[in-house]
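Please look over the sequence and the structure shown here before reading on. The report that follows takes up cysteines, overall form, and surface and charge in turn.

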Amino acid sequence: MPYRVSNVRRLGPSRLTAGLDEHRRLDLNAHHKYHDRLPGQTVDALISMAEEVDLRGRGGAAFPFARKLRAVSARDGETVVLVNAAEGEPASLKDKTLLTRAPHLVLEGALLAASALGSREVVVAVGAGELAEASVTAAVAERGLTGLVRVAAIEERFVSGEGGALVRAVNGEIGLPPGRKVRSSDSGVYGLPTLLSNTETFAQLAVLAELGPEEYAAVGTVQEPGTILLTVGGSVGAPAVVEVPPGVPLADVLSLCEAKVGDGLLLGGYHGTWMSAEAAYGTVLSRRGAKEAGGELGAGIVVVLGEDTCPLGETARVVGYLAAQSAGQCGPCRLGLPDLARAFRQLQDGDPDGPEVVRRAAAAVKGRGACFHPDGSARFVLSALDAFAEDVEEHRFHGGCGRETKGVLPLPVEEARDVRLMVDWTRCQGHGLCAHLVPELVKLDHHGFPVFMDTGVPSWLLGDAQKAVEMCPALALRVGAK
């Protein structure tokens, strides 16, 4: 289902969202009504300010920004600043909102860093064909920065925001994680040392330089000063991107967005964790508060689940999507994630051994992948077993909970027209050859008949799936749109 958030709301001061109540989009003149013109800073001054307020990356990993800045500044020769606006997480819209509605604030932060580093170029990597691409391109032209700032339109998918994947995409390669850790500060765009951080982080840097560390830290907590952006969606009356200072109760944000948690709440997105309604209403919004509640704040994603949809069915949809979105470059992604998706479908369908099957499938991928994707997917799935324990028992003993899966959790529109490997059961004779040719998509049951992955065929498996169709002895397979 399409997922759109147009509203911007706030609890506390408006910093990143200043002016957005009065303007749909801040052009350069409107931007300067709400934000000062920033003088240049030395790299040491920027590092000092970032360290004083412990500015962290807002893409999910919360890496200290000053450490990235220092690592790049220590390199000899040319450098590049790369803005990670590849918001491949379907449940997040905060970065797209910034680039669409306040693009000059993001550019201010990136240009500030580039000036301090003496960088050769600023690159803004954004999903191709999106409104955010058009908005930031117009902002670059408004400032007369064409040639200094490049807008790189890339194919957006779930793993496209991973640092290595983003650098590869900007360099004209396939935008998938490289499988081995290469620090962008060592080798990034054009192979040059690159300061890579996410959209909101650069906007925060601009606000920090404008206000100074003392005023910046006047809101939030001692450990986590400033404000943060959240994307609040799902079963809510007023979905919105919300600016809040850390330390605000999650319950206040839910009230602001006219949300009432039914079965649970997802914090941190599809690599985050489910929590029960009771836990959600007792959670304080900060990295520390989320951790104390058993979750992760991640990229500031809050998805509310009401009582009118099956929570296991919702989770199963996303697990299938995560399996199809893998890079397909290591065993845990190619084989483990499809197994995890199949296991969760078994649980949803009422397998009495479902929980244990899911846990075994999750254990097979945790800590074994070439990138973060298997670990994050396993965390998401395992948290569902705890948060929806009563529903798990309903499905085990009654085959379901009596509710439809309504598609509350946002997934890309392409989900509805994905390509699948399908079987004509009137022809299938249980040869099992398909399971040997595409084990990522097909397993054999205890009778030797195929069990198919209930998700789309990833692009990297289309060739193998077509080979299975051509080699099926019974001519029972085909590849087609669902």
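## Cysteines

A disulfide is a pair of cysteine sulfur atoms within 2.5 Å. The model shown is a predicted one, and when the whole structure is searched with that cut-off, zero disulfides are found.

Cys 371 helps to illustrate this result, because its sulfur lies 5.1 Å from the closest cysteine sulfur, which belongs to Cys 333, and this is too far for a bond. Cys 371 also counts as buried, since its relative accessibility is 19% and the cut-off for being buried is under 20%. Cys 257 is likewise buried, with a relative accessible area of 0%.

## Overall form

The protein chain is built from 18 helices and 16 strands. Its radius of gyration is 23 Å, close to the 23 Å that the globule rule gives for 482 residues, so the chain is as compact as a globular protein of that length. Taken along the principal axes, the box that its C-alpha atoms fill is roughly 75 × 45 × 35 Å.

Of the 482 residues in the protein chain, 56% count as buried. If one takes the contacts between residues at least 6 apart in sequence, 72% of them join residues that are at least 24 apart.

## Surface and charge

The protein chain exposes about 19600 Å², and carbon and sulfur atoms supply 49% of that area. Among its side chains, 48 are positive and 59 are negative, while the centres of these two sets lie 3 Å apart.

Technical notes
Residues are numbered from 1 along each chain as its sequence is written. This is a predicted model: local features need pLDDT of at least 70, side-chain atom pairs count only at pLDDT 80 or more; totals for chains, interfaces and linings use all residues. Side-chain values use heavy atoms; hydrogens and water are left out. Helices (H or I, at least four residues) and strands (E, at least two) are DSSP runs, numbered from the N terminus. The radius of gyration is taken over C-alpha atoms; the globule rule is 2.2 Å times the number of residues to the power 0.38. Buried means under 20% relative accessible area, exposed over 50%, partly exposed in between (1.4 Å probe, protein chains only). Contact means heavy atoms within 4.5 Å. Accessible areas come from the Shrake-Rupley method with a 1.4 Å probe; for residues, only the protein chains shown count as cover. Lys and Arg count as positive and Asp and Glu as negative; His and the chain ends are not counted. The place of a charge is taken as NZ of Lys, CZ of Arg, CG of Asp or CD of Glu.
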